[in-house]
Amino acid sequence: MSLKPNGNYRNLKDSYLFFRIAQKVAAYRDAHPGLPIYRLGIGDVSRPLGGAAIRAMHEAVEDQAKAETFHGYTPECGIPEFRQAVAGYYARRGIRLDPEEVFVSSGASDELGDILDLFDASSAALITQPAYPAYVDASVMAGRKVSFLTAGPDNDFLPLPGEDTEADLVYLCSPNNPTGAVYSLEQLQAWVDFANARGAVILFDAAYEAFVEGDLPHSIFETKGAETCAIEICSFSKTAGFTGTRLGYTVIPKALEREGLNLNAMWVRNRTTKTNGISYVLQKAGIAVLTDEGLRQVEESIRFYKQNAKVLMEALDAAGIRYWGGKNAPYIWMECPDGMKSWDFFDLLLNEIQVVGTPGEGFGACGEGFFRLSSFGNPEDTRIAAERIRKLLEKQ
Ligand code: PLP
């Protein structure tokens, strides 16, 4: 008998989305050399890190150069000062966390997969779709049964649990990638009440929380009772431009228990076994991001991206196209014109006006007929792309 691989990988669907986009763009570029292409498809940021983070990293590198200030391994769950800084960030919105409820991570993607270690293989995942593709794939790799709760224009892309909803684990993402939709406090409360009543656990992906405006919730811990049913996964990627730098954090309340096991204590055990901490230099940068100066720089970046979103939304308004998102998220989720399928619309934009976006079908079957535009690009390209979209769609 030879080694048995993890057969769950056979159940993964081929993830064509970004590969297929790259192939189509490369083919178009080869056929039309020199013609500019305007990219509104990326989920990556384009602005450099803020000055506070950069300065802190330089200083931390200097620390590592001297015996008196050198740091070896950092604590697996996070440097105390980092955990305290995150707790302080939550306190600004009136959420009280014990710093020991905060765990440093190297980003949300890593955590979304790793955290499944806490749950028995029999636990079934409920994924609200359209969704960030990693939720499905990480659950399938871990052998979890997956079911879907689909969103659409009828519920403004914010599905809620019903009488017959069943789940052990619930994935929620607000502000949402790809739809840009944000749950209200009442809606999040409905999910929290559902999870507490069923003994389910919510994995709340708050990667885009810094884009939220007004009274809408940034965190699931703004609801009542979330401390007994929710884990929040956050990232510095989209807020502070750390996509290539890699830093995030996860909040697991000490009150979160199932069948006599404490999930916070289990995660301490997990991290101290499976990691050796996150870079001292990066945690110092994260602490700097959460200072007044750092947060002002985050706001400035977000304002910059939101200006791009505004330019895109104005073009869609002028063309009479329905869309969601854009205001509290870096993504605009538009309806394809005339009932077009999302890949056909992708081809139309690429071939006619050299604009690249992301077909909604790539985020789940219920994304068919919709299309994601990203505001993370450069303003001049975004302005040209918006103008081209407006002219093309006004003609349709
Ligand atoms: N969660 C969502 C909803 C995302 O869109 C992304 C990245 O695009 C991530 C998590 C991953 O973030 P990170 O860079 O922290 O791994």
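Biologist: How many residues surround the ligand, and which are the closest?

Modeller: A residue is near a molecule if one of its heavy atoms lies within 4 Å of it. Here 14 residues surround the ligand, and the closest are Asp205, Tyr208, Ser235, Ser237 and Lys238. This is a predicted model, in which local features need pLDDT of at least 70 and side-chain atom pairs count only at pLDDT 80 or more, while totals for chains, interfaces and linings use all residues. Residues are numbered from 1 along each chain as its sequence is written, and side-chain values use heavy atoms, with hydrogens and water left out.

Biologist: Which side chains place a polar atom by an oxygen atom of the ligand?

Modeller: A polar contact with the ligand is a pair of N or O atoms within 3.5 Å. From an oxygen atom of the ligand, the distance is 2.6 Å to a polar side-chain atom of Tyr208, 2.7 Å to an N or O atom in the side chain of Asn177, and 2.8 Å to a polar side-chain atom of Arg246. The protein buries 92% of the 400 Å² that the ligand exposes when taken alone (accessible areas by the Shrake-Rupley method with a 1.4 Å probe).

Biologist: Which helices each supply at least two residues of the shell?

Modeller: Helices are DSSP runs of H or I with at least four residues, numbered from the N terminus. Those helices are H4 (108-114) and H7 (237-240).

Biologist: At what angle do the axes of H3 and H9 cross?

Modeller: Axes are lines fitted to C-alpha atoms over the stretch in contact, and angles run from 0 to 180 degrees between N-to-C directions. The axes of H3 (residues 80-91) and H9 (residues 280-289) cross at roughly 25° and come within 9 Å. H3 is therefore roughly parallel to H9, a term for angles under 35 degrees.

How values were computed
Polar contact = N/O pair within 3.5 Å; in protein donor to acceptor, adjacent residues only side chain to side chain. Parallel < 35°, antiparallel > 145°, perpendicular 65-115°, else oblique.
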